[in-house]
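I opened this notebook to keep track of what I looked up, one entry at a time. The sequence and the structure come first, and my notes follow.

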Amino acid sequence: MTMKHMLKVTAAGLALALSAPAAAQDRDYGERSDAAFAEVVDGYEVSGEAESCISVFNSNRLRVVDHVGLTYRRGNTLWVARASNPDSLGVWDVPIIQRYGSQLCRHDVTRTIDRSTGIFSGVLFLEDWVPYTEVEEADG
């Protein structure tokens with residue numbers, strides 16, 4: 001076996017070994033994201049069609065949800081925009097949104113900075129905003 005062939009075999013084996021933990025890590029992030037999302041919408045139900053833009057009147061109602069995306073509460077409606085890359089979003093992230101109008105839209109440029117250091121931490125890609133309304137408890 002030549003040295004060149006041995007290097008190819010070693011590189012292929014290394015690539016295979018490194019891909020297994022990455023797949024498990026992706027699955028862990030997906031499970032964490034699903035669990036966090038279920039917690040956010042617990043006690044709510046979808047109450048309308050998803051929208052690419054929503055009106056935002058008070059920006060302090062905008063919240064980052066770890067491994068989910070952004071939420072905005074208006075009255076009894078909770079608008080949720082899931083992130084396309086939720087594994088990179090943590091509670092320590094602060095969204096910096098460059099809006100192009102009076103509404104908050106999924107296509108607005110959204111960057112995040114670390115809350116404690118103020119250092120750039122990523123770019124956030126959002127899906128449509130989905131409205132959820134609190135479920136009324138039935139008197140029994």
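Before looking at strand pairs I wrote down the rule I use: two strands count as paired if DSSP finds at least two bridges between them. By that rule, strand E1 (residues 44–46) pairs with E10 in the antiparallel sense, over 3 bridges. I also noted that this is a predicted model.

**Entry 1: overview**

I looked up the elements of the protein chain and found 1 helix and 10 strands. Along the sequence they follow the pattern α-β-β-β-β-β-β-β-β-β-β. I then checked burial: of the 140 residues of the protein chain, 30% count as buried.

**Entry 2: the sheet of 5 strands**

In which order do the strands of the open sheet of 5 stand? I read the order as E1-E10-E5-E4-E3, and the pairing is antiparallel. E1 and E3 are the edge strands, and each of them pairs on one side only. On average, neighbouring strands of this sheet are turned by 30° against each other, direction ignored.

I went through some of the pairs. Between E1 and E10, I looked at valine 46, whose bridge partner in E10 is tyrosine 132. On E5 (residues 77–83), leucine 78 also stands opposite tyrosine 132 in E10. E5 and E10 run antiparallel and are joined by 6 bridges. E4 and E5 are antiparallel as well, with 6 bridges joining them. Leucine 78 turned up again here, as the bridge partner in E5 of arginine 73.

As background I noted that strands of a sheet pair through backbone hydrogen bonds, either parallel or antiparallel.

**Entry 3: the core**

Which residues touch the most other members of the largest nonpolar core? This core has 14 residues, and the ones I was after are Ile54, Leu70, Tyr72 and Trp129. Strand E3 (62–65), strand E4 (69–74), E5 and E10 each supply at least two residues of the core. E5 gives the largest share, with 3 residues.

**Entry 4: the sheet of 3 strands**

I found an open sheet of 3 strands in the order E6-E8-E9, with antiparallel pairing. Why is one side of strand E6 (93–98) and of strand E9 (120–124) left without a neighbour in the sheet? Both stand at the edges and have a single partner strand each, so there is no neighbour on one side. Neighbouring strands here are turned by 30° against each other on average, direction ignored.

E6 and E8 pair over 6 bridges in the antiparallel sense. One of the facing pairs I noted is valine 94 opposite isoleucine 113 in E8.

E8 (residues 109–114) and E9 also pair in the antiparallel sense, over 4 bridges. Here threonine 110 stands opposite leucine 124 in E9, and arginine 111 stands opposite valine 123 in E9. E8 and E9 form a hairpin with 5 residues between them. In the turn I checked glycine 118, which has a positive phi of about 75°.

Which residues of E8 lie on the covered face, and which on the uncovered one? The covered face holds Thr110, Thr112 and Asp114. Val109, Arg111 and Ile113 make up the uncovered face.

**Entry 5: a patch on the surface**

Next I looked for nonpolar side chains on the surface. Ile119, Phe120, Val123 and Phe125 form a nonpolar patch there, and together they have about 410 Å² of accessible area. Valine 123 is the residue I had already noted opposite arginine 111. Phenylalanine 125 is found in the loop between E9 and strand E10 (126–134).

**Entry 6: the salt bridge**

How many salt bridges does a search of the whole structure find? The search gives 1. Aspartate 128 forms a salt bridge with arginine 106, and the closest N and O atoms are 3.3 Å apart. Aspartate 128 lies in strand E10, and arginine 106 lies in the loop between strand E7 (103–105) and E8, so the pair ties together parts that are 22 residues apart in sequence.

I also asked whether the two partners are buried or exposed. Partly exposed means a relative accessible area between 20% and 50%. Aspartate 128 is partly exposed because its value is 26%. Arginine 106, at 28%, is partly exposed too.

For my own reference: side chains of opposite charge can pair when their charged atoms come close.

Key:
Residues numbered from 1 in each chain as written. Predicted model: local features only at pLDDT ≥ 70, side-chain atom pairs only at ≥ 80, totals over all residues. Heavy atoms only, no water. Axes fitted to C-alpha atoms, helices over the stretch in contact; angles between N-to-C directions. Patch = residues over 30% accessible without salt bridge, like charges linked within 9 Å, V, L, I, M, F, W, Y side chains within 5 Å. Areas by Shrake-Rupley, 256 points an atom, 1.4 Å probe, with all protein chains shown as cover. Salt bridge = Lys/Arg side-chain N within 4 Å of Asp/Glu carboxyl O. Core = buried A, V, L, I, M, F, W, Y, C linked by side-chain atoms within 4.5 Å. Buried < 20%, exposed > 50% of the residue type's maximum accessible area, 1.4 Å probe, protein only.
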